2 protein chains.
Amino acid sequence: MEQLTIREIAKLCGVGVSTVSRAINNHPDINPETKQMILDTVRQYNYVPNNSARNLKRTDSNTVAVLVKGVSNPFFAVMIRMLEQDIIGRQYLFVLQQVEEEENELEVALQLTKEKRLKGIVFLGGAIRHDERLLRQLSVPYVFSTVNAELPEDGGEEMRGAAVAIDDEAESFRMTEYLIGCGHRRIAILTAFAEDASIGRLRLDGYRRALETHGIAYDESLVIHMDRSLRTYTMGSGYRAASALLDSGRDFSCIYAISDTLAVGACKAVFDRGRRVPGDISVAGFDGLDIARYYEPSLTTVEQPAEEMARETIRALFALINGTPTAGKYIFEARIREGASVRRIAQ
Amino acid sequence: MEQLTIREIAKLCGVGVSTVSRAINNHPDINPETKQMILDTVRQYNYVPNNSARNLKRTDSNTVAVLVKGVSNPFFAVMIRMLEQDIIGRQYLFVLQQVEEEENELEVALQLTKEKRLKGIVFLGGAIRHDERLLRQLSVPYVFSTVNAELPEDGGEEMRGAAVAIDDEAESFRMTEYLIGCGHRRIAILTAFAEDASIGRLRLDGYRRALETHGIAYDESLVIHMDRSLRTYTMGSGYRAASALLDSGRDFSCIYAISDTLAVGACKAVFDRGRRVPGDISVAGFDGLDIARYYEPSLTTVEQPAEEMARETIRALFALINGTPTAGKYIFEARIREGASVRRIAQ
DNA sequence: TTGTAGGCGTTATCAC
DNA sequence: GTGATAACGCCTACAA
């Protein structure tokens, strides 16, 4: 099938290419009848303009891209939906771009910016710190969303980036403190693999600080790292880790998992051993996913304010796009959503 | 920040643009030293080629796109991972393209094909029947994956499309028959909105046929359609629908939900009313998601052979790409994965 | 209101 | 092994 070009449509309609271009791009300076005739022909032959050629020629595009590292992360699923809604609500085009695990999101951003003449970029997930040189190369406004990433120092030039997130360390501290407040002293934690330098690290740090604050010794044997060779935040990982922990004979009354998916797996491991949540073992999660609400028992979790964060992400991005002065960081407070998975122990 | 082009790199290196092009594209006919020098400069200035220009000029690209309608569907999450792995394993580029709910996936495909010179397309989700005229316009091989879509009649020309899926109607029949075999007679079904013409329809059809086959009257009052204004396959939808059903006082011993997410919501509705699964109400799902395994009780579900389907999707696609004769349809058998959510009733 | 022509940044073809 | 140069398909001055 030979590819239809604008030239052939022009020939078919007996007009020049610019007239066809005007018609399909809704330019005002064209005779309505000519326009209609052209659009009819376009429909009839199902002509589809080549986007690469368009992007190449265009200088701007009213497109905002969301670069997400890990599309299948259920927490991102709700963020993506909200971001999309807000971007489209502002009459911008929304582009969702998946970033592979081993890819550098900044390089993808640089490439996509050139390719699509983006107006702005939202990073969902990804690293906490980036190559500052690359970051400075990024010529369009950007917002790190749900990850409290480092922003480049203000070198006198205008700010082009922002970060919208929760304070993972502080929220993890909050949850651990809550668990301690419920009377738990021996709290095991399911966290990312040992070398993790992202939220896994931060949430572990918060846990540790809370223990120390309350005079509880940090016990390495209660810190369970996920297997690096497996996907980290899955129910299967949580199940595996909690199973090993339960079978080890170590003493603990509570499992704190740094994601709800891990928590679900942990619960199942408890059940499979004929024990009860929270009767025998308490379990807490993190994120505030749907499943935490619908699991039985419902999971006590740290609920991230996804909707507000998405809204603020877009607000901040468009503030940057429009040159409005904007603070660089927006740290939201999460809150403990109490479920029925944590038992209060008489002190 | 002025955009760096290949011409400037050429000038910087004191060579012609074609030499730079050869270097960055790994062409053999270039002096290794020149190549190294150019690549160093490219790195140093962080030159990123413009993809639009590349795509415009290139005639082919070794790229396979996966067009997914509903990225956040957890069943697709595992399919996407497997598809990606297999595509990359064949040394092809993998592109994931989200299709909006109201968009026509075929139009997106047509556009993307022009834009990126695709070698092949995988459709994940979407409609069962497509505009045949559009389908014939599609000039590259394609596979409908997980949806048993109609293929155009062989009009003498070579086949360009295939479909890899389960038989939703038959599998739903199988599950319903299984539930009947467990002694259930009054089986409520949670299904898509009434006008659905996709898997919701097929799974409902299978349910109905099974009832009729076994001489059980089809009772409209036990058929619960999701609210069209809400997102269909969410735990919240399942919870809402099951709650209304439970509160209606209608008589039934089993809820069959056409997705695991709906089933989870249904279970929670049962629990919230102080009743038990499966003691008081049995619940069955569909898809075979992780959550069905890790829920408590684990959910009896129809397990789709995701891995095999993904593998076959890519195999069929590359058979089409390579011109190997290929059957058009690959229908996989699903299987009932028994959990603990369905009770056997003494007959 | 419409048509012609030049150029967007790259790759491919051809000389050298 | 290397360098001009002509496309790729579209948009947009500018001219008519």
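Q: What share of the contacts in chain A with a separation of 6 or more comes from residues 24 or more positions apart?
A: This is a predicted model, and in it such residues account for 69% of those contacts. A pair counts as a contact when the C-beta atoms lie within 7 Å.

Q: What makes chain A more spread out than a compact globule?
A: Set its radius of gyration against the globule rule. For 347 residues the rule gives 20 Å, while chain A comes out at 26 Å, well over that, so the chain is more spread out than a compact globule. Its C-alpha trace spans about 85 × 50 × 30 Å along the principal axes. As for its make-up, chain A holds 13 helices and 12 strands.

Q: What percentage of the residues of chain A count as buried?
A: The figure is 46% of the 347 residues. To count, a residue needs 20 or more other C-beta atoms within 10 Å of its own.

Q: What makes strand E1 of chain A largely enclosed by the rest of the structure?
A: Go through strand E1 (residues 63-69) of chain A and 7 of the 7 residues turn out to be buried, so the strand is largely enclosed. Thr63(A), Ala65(A), Leu67(A) and Lys69(A) point one way, Val64(A), Val66(A) and Val68(A) point the other way, and all are buried.

Q: Which strand pairs with E1(A), and in which sense?
A: The partner is strand E2 (residues 93-99) of chain A, and the two pair in the parallel sense over 7 bridges. Strands are said to pair once there are at least two bridges between them, and 7 clears that mark. One such link has Val64(A) partnered by Phe94(A) in E2(A).

Q: Why are strands E7 and E9 of chain A said to stand at the edges?
A: Start with the sheet itself: an open one of 4 strands in chain A, in the order E7-E6-E8-E9, with parallel pairing. Strand E7 (223-225) and strand E9 (282-284) of chain A each have a single partner strand, so one side of each is left without a neighbour in the sheet. From one strand to the next, the twist averages 20°.

Q: How many bridges join strand E6 of chain A to E7(A)?
A: There are 3 bridges between E6 (residues 187-191) and E7(A), and the strands run parallel. With at least two bridges needed, that counts as a pair. Within it, Leu190(A) has Ile224(A) of E7(A) as its bridge partner.

Q: Which helix of chain A packs on this sheet?
A: Helix H8 (residues 168-181) of chain A does, touching E6, strand E8 (254-257) and E9 of chain A. The direction of H8(A) makes about 165° with that of E8(A).

Q: What makes both faces of strand E8 of chain B count as covered?
A: Look at the two sides of residues 254-257: Cys254(B) and Tyr256(B) are on one, Ile255(B) and Ala257(B) are on the other, and all are buried. E8(B) also has strand partners. Strand E6 (residues 187-191) of chain B pairs with E8(B) in the parallel sense over 4 bridges, one of them matching Ile189(B) with Tyr256(B). Strand E9 (residues 282-284) of chain B is joined to E8(B) by 3 bridges, again parallel, and there Cys254(B) is matched with Ser282(B).

Q: Why is Ala170(B) called buried, exposed or partly exposed?
A: Ala170(B), which lies in helix H8 (residues 168-181) of chain B, has 17 C-beta neighbours inside 10 Å. Buried takes 20 or more and exposed takes 12 or fewer, with partly exposed in between; therefore Ala170(B) counts as partly exposed.

Q: How many residues of chain B are in contact with chain A?
A: 38 residues of chain B touch 38 residues of chain A. The chain B side has 18 nonpolar, 14 polar and 6 charged residues.

Q: Which residues are closest to DNA strand C, and which to DNA strand D?
A: Around strand C there are 26 residues, the closest being Val15(A), Gly16(A), Ser18(A), Ile6(B) and Ala53(B). Around strand D there are 25, the closest being Ala53(A), Gly16(B), Ser18(B), Thr19(B) and Asn31(B).

Q: Which element gives the most to the surface near each DNA strand?
A: For strand C it is H4(B), with 4 residues. For strand D it is H4(A), with 4 residues. By class, the surface near strand C has 9 nonpolar, 11 polar and 6 charged residues, and the surface near strand D has 9 nonpolar, 11 polar and 5 charged.

Note on methods: Residues numbered from 1 in each chain as written. Chains lettered and ligands numbered in written order. Predicted model: local features only at pLDDT ≥ 70, side-chain atom pairs only at ≥ 80, totals over all residues. Contact = placed C-beta atoms within 7 Å. Nonpolar A, V, L, I, M, F, W, Y, C, P; charged D, E, K, R; others polar. Near = placed C-beta within 6 Å. Rg over C-alpha atoms; globule rule 2.2 N^0.38 Å. Axes fitted to C-alpha atoms, helices over the stretch in contact; angles between N-to-C directions.
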